[in-house]
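Ready to get to know a new fold by working through it? Have a look at the picture, then try the exercises.

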Amino acid sequence: MSVTILGIESSCDDTSAAVIRDGILLSNVIASQSVHEEYGGVVPELASRAHQQNIVPVVDAAINRAGITKNDLSAIAFTRGPGLLGSLLVGTSFAKGLSLGLRIPIIDVNHLHGHVLSHFVRRKPDDEVPGFPFLCLLISGGNSQIILVRSPKEMEILGQTIDDAAGEAFDKCAKVMGLPYPGGPHIDRLAAEGNPKKFHFSKPRIPELDYSFSGLKTSFLYTLRDNVKLNPDFIKENKADLAASLQHTIIEILLEKLDMAVRRTGVSTVAIGGGVSANSGVRQAVAKYCADNGLKAFIPERAFTTDNAAMVAMAGHFKYLDKDFCRYDQAPFARVTV
Ligand code: KG4
């Protein structure tokens with residue numbers, strides 16, 4: 001009997017639904033919400049409302065594009081947290097209602113597990129997936145973690161940020177430069193044209209495998225402030241070099257601890273995930289680091305770096321095999337780590 005999972009993701013500002021059959025992706029539909037652009041960040045109440053508007057058509061499209069009917073589904077996996085509570089409630093309630101109607105189980109998924117397990121989503125049966133154990137560098141707008149993944153359900157956080165996440169460092173520095181939100185992709189684009197060695201920003205001295213990005217943010221801010229005093233056009237004239245130098249420093253910080261974790265654990269496989277893993281410089285640097293050290297690298301397709309339901313369906317697939325279902329009295333949660 002094949003296992004067909006509908007995944008639903010509504011943790012932040014993307015409404016997504018996907019269908020996975022026996023680990024092979026049949027569809028992945030994402031409705032992103034443009035309503036937040038003019039506010040310079042996600043507005044929770046607007047996000048919840050947009051999810052309400054999108055959820056039925058998005059799920060319908062995922063089922064149609066997969067070429068199945070809803071009666072073919074084995075279970076419904078949904079993101080239970082972490083995320084915005086009002087957004088999570090939409091996906092959670094919808095999953096519960098649909099599962100009662102179809103008389104199939106629901107499976108709750110930790111969004112962060114989803115990012116880690118996105119590497120197991122295959123488009124065709126012979127696509128390669130990571131072998132256990134492996135290290136996953138999970139870098140997004142809300143998290144920066146190094147996770148030792150022993151199995152789909154055994155994940156240990158070896159290190160994490162003690163203040164800002166890597167994505168916040170990109171976004172906050174981009175904001176100081178006058179770039180739109182979220183700034184990460186803009187920094188990425190500008191960095192391609194700039195000199196990564198032109199400016200030097202302070203790097204944290206944090207023990208063990210934890211990260212810190214707040215010092216870098218302050219150092220970036222002071223560099224801009226001091227130089228703008230001397231030349232009001234400083235930012236405009238140095239946009240690309242500032243972006244390249246910032247990105248270079250963030251990558252150095254990320255790679256230093258990743259290398260430490262590789263040496264400590266002796267793993268031979270490294271994966272990256274989360275929104276910041278879409279960054280061209282990060283992708284190149286991790287691929288090069290792995291090639292230089294004889295490690296296998298798993299760099300996700302860009303479609304799987306941001307929030308998507310394919311990863312939720314994949315995490316649901318693993319839990320389905322363990323018959324690890326969710327009770328109907330379970331509510332979403334806003335905060336948690338892996
Ligand atoms: O995982 P994600 O979609 O959701 C949150 O955790 O919020 O990550 C969003 C983060 C934002 O900080 C965004 O600026 C960053 O990922 N991001 C990037 C790039 N694409 C998205 N940062 C750097 N370069 C990119 N190309």
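Here are three exercises on this predicted model, each with its solution.

**Exercise 1.** Work out in which order the strands of the open sheet are arranged, and which strands stand at its edges.

*Solution.* Start with the order: 5 strands line up as β3-β2-β1-β4-β5, and their pairing is mixed. Now look at the ends of that list. β3 (24-32) and β5 (106-110) each have a single partner strand, so one side of each is left without a neighbour in the sheet. Finally, the twist: neighbouring strands are turned by 20 degrees against each other on average, direction ignored.

**Exercise 2.** Zoom in on β2 and β3: find how many bridges join them, then see which helices lie on the sheet.

*Solution.* Strand β2 (residues 14-21) runs antiparallel to β3, and 8 bridges join the two. In this pairing, D14 sits opposite S32 in β3. Next, the helices. Helix α2 (residues 85-102) packs on the sheet and touches β1 (4-9), β4 (75-81) and β5, with its direction at about 160 degrees to that of β4. Helix α9 (residues 309-321) lies across β1, β2, β3, β4 and β5, at about 130 degrees to β1.

**Exercise 3.** Describe how α5 and α7 cross, and say which residues meet there.

*Solution.* First, the geometry: the axes of α5 (residues 184-191) and α7 (residues 234-265) come within 8 Å and cross at roughly 110 degrees. Angles of 65 to 115 degrees count as roughly perpendicular, and α5 and α7 are therefore roughly perpendicular to each other. Their crossing is left-handed. Then the contacts: I187, D188, L190 and A191 in α5 meet K239, A240, A243, A244, L246 and Q247 in α7. Sorted by class, that contact has 7 nonpolar, 1 polar and 2 charged residues.

Terms used:
Residues are numbered from 1 along each chain as its sequence is written. This is a predicted model: local features need pLDDT of at least 70, side-chain atom pairs count only at pLDDT 80 or more; totals for chains, interfaces and linings use all residues. Side-chain values use heavy atoms; hydrogens and water are left out. Axes are lines fitted to C-alpha atoms, for helices over the stretch in contact, and angles run from 0 to 180 degrees between N-to-C directions. Helices (H or I, at least four residues) and strands (E, at least two) are DSSP runs, numbered from the N terminus. Angles under 35 degrees count as roughly parallel, over 145 as roughly antiparallel, 65 to 115 as roughly perpendicular and the rest as oblique. A crossing is left-handed if the near helix is turned anticlockwise from the far one by less than a right angle, and right-handed if clockwise. Contact means heavy atoms within 4.5 Å. Ala, Val, Leu, Ile, Met, Phe, Trp, Tyr, Cys and Pro count as nonpolar, Asp, Glu, Lys and Arg as charged, and the others, Gly among them, as polar. Two strands pair if DSSP finds at least two bridges between them.
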